[in-house]
Amino acid sequence: MPHARPRPLYGCPTVKGKSMRNIIIAANWKMHKTVPESVEFIKTLHGKVPSTARTVIVAAPFTALYRLSQAMKGTPFSLAGQNLHEEEQGAYTGEIAAGMLVDAGCRHVIVGHSERRHLFNEPDERINKKIVAALRAGLTPIFCIGETLSERDSGNTFHVIDKQINKGLNNVAADDIGRLIIAYEPVWAIGTGKTATRTQAEKVHRYIRETIGEKTAAGSHEDIAIIYGGSVTAGNVTGLLEEPNIDGVLVGGASLDAGTFAEIING
Ligand code: PGA
């Protein structure tokens, strides 16, 4: 296990550090897989990963969620939605509420993925409402943040991260912030084959932890899971997870094949 040894963060020997946090391996299937394909995947994955100390999450299309929740019984995997609507119910044709995700068997939901931000024009204010709605329904939001290439090249990475955290978590209680999973996904690394180096990612993860720390009770930012996403593969996952502030990964393309995803979980 990469986090078997307690490792002090920031040179401070009193912090709890990574050894207290569970490693999270999350799949984001995006708009892939039919119901039979989803069930087949879970059967194959369970064969290769009968048990694990890691938290394994699969974010599937809405149409497969309920059937998958049944297929996942007796497995160590848990289910996530990829998006939700911020209202509890109403005349919102084509949308899905947090309570419906819970009803279908989800425990988590991705919020603010860069594809939602950029392709579907979701602003931080809307993402904030979705986070509040997810928490209210008892779901764990996987809150995605990250800069574009031009924002990085112009030296604005931390500024963008600050803005996304401050607006996304506006009016979210400190205790609730402690329940989130934060996913750092630099937009330039998503689906491009261009992974942030572990050093680049660690630098931003550490910054995120410190920034979140200003919003939570003393020390509790040490418990928050901050996972990395962007061209994660079976080849680069081990190095990423060795970094003290990288608590897991959110995997897109490489999560579509059960064998590859099993290698990432076991890696
Ligand atoms: P990728 O996607 O692994 O295909 O880069 C990650 C994500 O979008 O969550």
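Me: Which kind of G253 atom lies 2.9 Å from an oxygen atom of the ligand?

Reply: A backbone N or O atom of G253. To read something like this, look for a polar contact, a pair of N or O atoms within 3.5 Å; within protein, one must be able to donate a hydrogen and the other to accept it, and residues adjacent in sequence count only if both atoms are side-chain atoms. Bear in mind that this is a predicted model: local features need pLDDT of at least 70, side-chain atom pairs count only at pLDDT 80 or more, and totals for chains, interfaces and linings use all residues. As for bookkeeping, residues are numbered from 1 along each chain as its sequence is written, and side-chain values use heavy atoms, leaving out hydrogens and water.

Me: How many residues surround the ligand, and which are the closest?

Reply: The idea is to call a residue near a molecule or strand if one of its heavy atoms lies within 4 Å of it. Here 13 residues surround the ligand, with K30, H113, E185, G191 and S231 the closest. Two of these names come back as polar contacts: E185 puts a polar side-chain atom 2.7 Å from a ligand oxygen, while G191 has a backbone N or O atom 2.6 Å from a ligand oxygen.

Me: K30 also caught my eye. Which side chain does K30 meet in a salt bridge?

Reply: A salt bridge is a side-chain nitrogen of Lys or Arg within 4 Å of a carboxyl oxygen of Asp or Glu. By that rule the count is 16. K30 pairs with E115, at 2.8 Å from N to O. The two partners sit in distant parts of the chain, 85 residues apart: K30 in the loop between strand 1 (24-28) and helix 1 (35-48), and E115 in helix 4 (residues 114-119). For those labels, helices (H or I, at least four residues) and strands (E, at least two) are DSSP runs numbered from the N terminus.

Me: In the pair of E147 and R152, are the two residues buried or exposed, or something in between?

Reply: Buried means under 20% relative accessible area, exposed means over 50%, and partly exposed is in between (1.4 Å probe, protein chains only). E147 and R152 form a salt bridge at 2.7 Å, N to O. E147 has 0% relative accessibility, so E147 is buried; R152 has 22% and is partly exposed. Going back to the previous pair, E115 is at 26%, partly exposed.

Me: Where do R198 and E242 lie?

Reply: First the pair itself: R198 forms a salt bridge with E242, with the closest N and O atoms 3.1 Å apart. R198 is in helix 9 (residues 198-213) and E242 in helix 10 (residues 237-242), so the bridge ties together parts 44 residues apart in sequence. R198 is partly exposed at 33%, and so is E242 at 36%. Beyond that pair, R21, R209, E222 and D247 are joined into one network by salt bridges that share partners.

Me: Now the sheet. What order do the strands run in?

Reply: Strands of a sheet pair through backbone hydrogen bonds, either parallel or antiparallel. Two strands count as paired if DSSP finds at least two bridges between them. In this model eight strands make a closed barrel, 1-2-3-4-5-6-7-8, with parallel pairing. Neighbouring strands are turned by 25 degrees against each other on average, ignoring direction. Angles run from 0 to 180 degrees between N-to-C directions, with axes as lines fitted to C-alpha atoms, for helices over the stretch in contact.

Me: What does strand 7 look like up close, and which strands does strand 7 pair with?

Reply: Strand 7 (residues 225-229) pairs with strand 6 (residues 181-184) over four parallel bridges. There, Y184 has Y228 as its bridge partner, and A183 stands opposite I227. On the strand 8 side, two bridges join the parallel strands, with G229 opposite L250. Five of the five residues of strand 7 are buried: A225, I227 and G229 point one way, I226 and Y228 the other.

Me: And which way do the residues of strand 3 point?

Reply: F77, L79 and G81 point one way from strand 3 and S78 and A80 the other, all buried. Strand 3 pairs with strand 2 over four parallel bridges, and V56 stands opposite F77.
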